[in-house]
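Please look over the model shown below before reading the report, which deals with enclosed and open spaces and with the nonpolar cores.

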Amino acid sequence: MASAAHPAFPSRGYGTSLGKLADRSTGPTFGASSSQQQRENQRSERERERLEKERLEREEQNQLSEEQREEIREAFMLFDLDKDQKIDYHELKVAMKALGFDLPKSEILSILQTHGSPSEPVKPNAPHHPRLLLPFPQFQTVMTQRILARDPRDEILRAFELFDEGGKGKINLNDLRRVARELGEGLEEEELAAMIDEFDLDGDGAINREEFLDICLQ
């Protein structure tokens with residue numbers, strides 16, 4: 001008796017019937033999102049530091065008198081020879097000296113390296129050797145900090161030197177007469193002599209540095 005043929009089992013496409021795993025190659029990943037957030041935080045922190053720095057600089061400048069702020073501006077404008085609102089090493093040195101700060105080369109260079117910016121080429125594609133230049137806002141900040149840190153005695157003695165012609169170490173009647181004439185003050189000879197007599201503590205007919213300091217610090 002012939003055996004009946006068994007029906008064939010349906011073939012299973014193992015290669016195609018299993019579902020594919022989800023494709024994870026697309027869409028934002030945690031690492032990318034974290035990196036982007038970190039960059040945003042860094043930008044926010046830099047902006048916060050910039051605003052805080054500007055606030056402190058404004059507070060420092062408000063501690064100066066209007067006359068001191070004007071002296072800073074005039075010194076910069078006087079020595080900004082090409083009027084580009086930036087000064088180079090030599091211009092910075094004489095501008096600071098005019099304000100009473102005669103600094104050595106190393107300190108001037110340090111200021112430029114900290115606060116300056118490189119010069120731009122005058123012509124496109126031309127040979128260019130960049131110099132460090134100090135813009136006016138940075139000059140104002142540097143001078144404000146130095147003036148506020150200066151001993152008031154230094155400023156008084158600087159004024160003394162303007163009176164003391166020839167560096168005698170004393171202000172005599174001739175010095176007072178000259179300064180009064182330069183300032184357009186019509187003081188009589190007796191008035192000038194009375195000023196010397198009032199503050200001449202050692203009776204030598206002139207006002208020395210210590211006497212001048214006492215007058216100004218009273």
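Helix H3 (66-79) and helix H7 (152-163) each give at least two residues to the lining of the largest cavity, where helices (H or I, at least four residues) and strands (E, at least two) are DSSP runs numbered from the N terminus. This is a predicted model, in which local features need pLDDT of at least 70 and side-chain atom pairs count only at pLDDT 80 or more, while totals for chains, interfaces and linings use all residues. Residues are numbered from 1 along each chain as its sequence is written, and side-chain values use heavy atoms, with hydrogens and water left out.

On a 1 Å grid over the protein atoms alone, a cavity is a set of points where a 1.4 Å probe fits but cannot get out, a pocket is an open set with protein on both sides within 12 Å along at least five of seven lines, and lining residues have an atom within 4 Å of a point. Volumes are the space filled by probe spheres set on the points, which are joined across faces, edges and corners. The largest cavity, of about 30 Å³, is lined by Gln68, Glu71, Leu99, Ile147, Arg150, Glu155 and Arg158.

H3 and H7 also each supply at least two residues of the lining of the largest pocket, and H3 provides the largest share, six residues. Glu67, Glu71, Glu155, Arg158 and Leu162 are the lining residues nearest the centre of this pocket. In the second largest pocket, Phe163, Leu176, Val179, Met195 and Phe212 lie nearest the centre. The elements giving two or more residues to that second lining are helix H8 (173-182), helix H9 (189-199) and helix H10 (209-217).

| Pocket | Volume | Lining |
|---|---|---|
| Largest | about 390 Å³ | 13 residues |
| Second largest | about 260 Å³ | 15 residues |

The largest nonpolar core (buried Ala, Val, Leu, Ile, Met, Phe, Trp, Tyr and Cys residues joined through side-chain atoms within 4.5 Å; buried means under 20% relative accessible area with a 1.4 Å probe, protein chains only) has 21 residues, of which Leu92, Met96, Phe139 and Met143 touch the most other members. H3, helix H4 (89-98), helix H5 (105-115) and helix H6 (136-149) each supply at least two residues of this core, and its largest share, five residues, comes from H6. Apart from this core lies another, of ten residues, including Ile156, Phe160, Ala180 and Ile196.

Leaving aside neighbours within four places in sequence, Phe139 is in contact (heavy atoms within 4.5 Å) with Ile72, Phe76, Ile87, Leu92, Ala95, Met96, Leu99 and Leu134.

Notes
Buried < 20%, exposed > 50% of the residue type's maximum accessible area, 1.4 Å probe, protein only.
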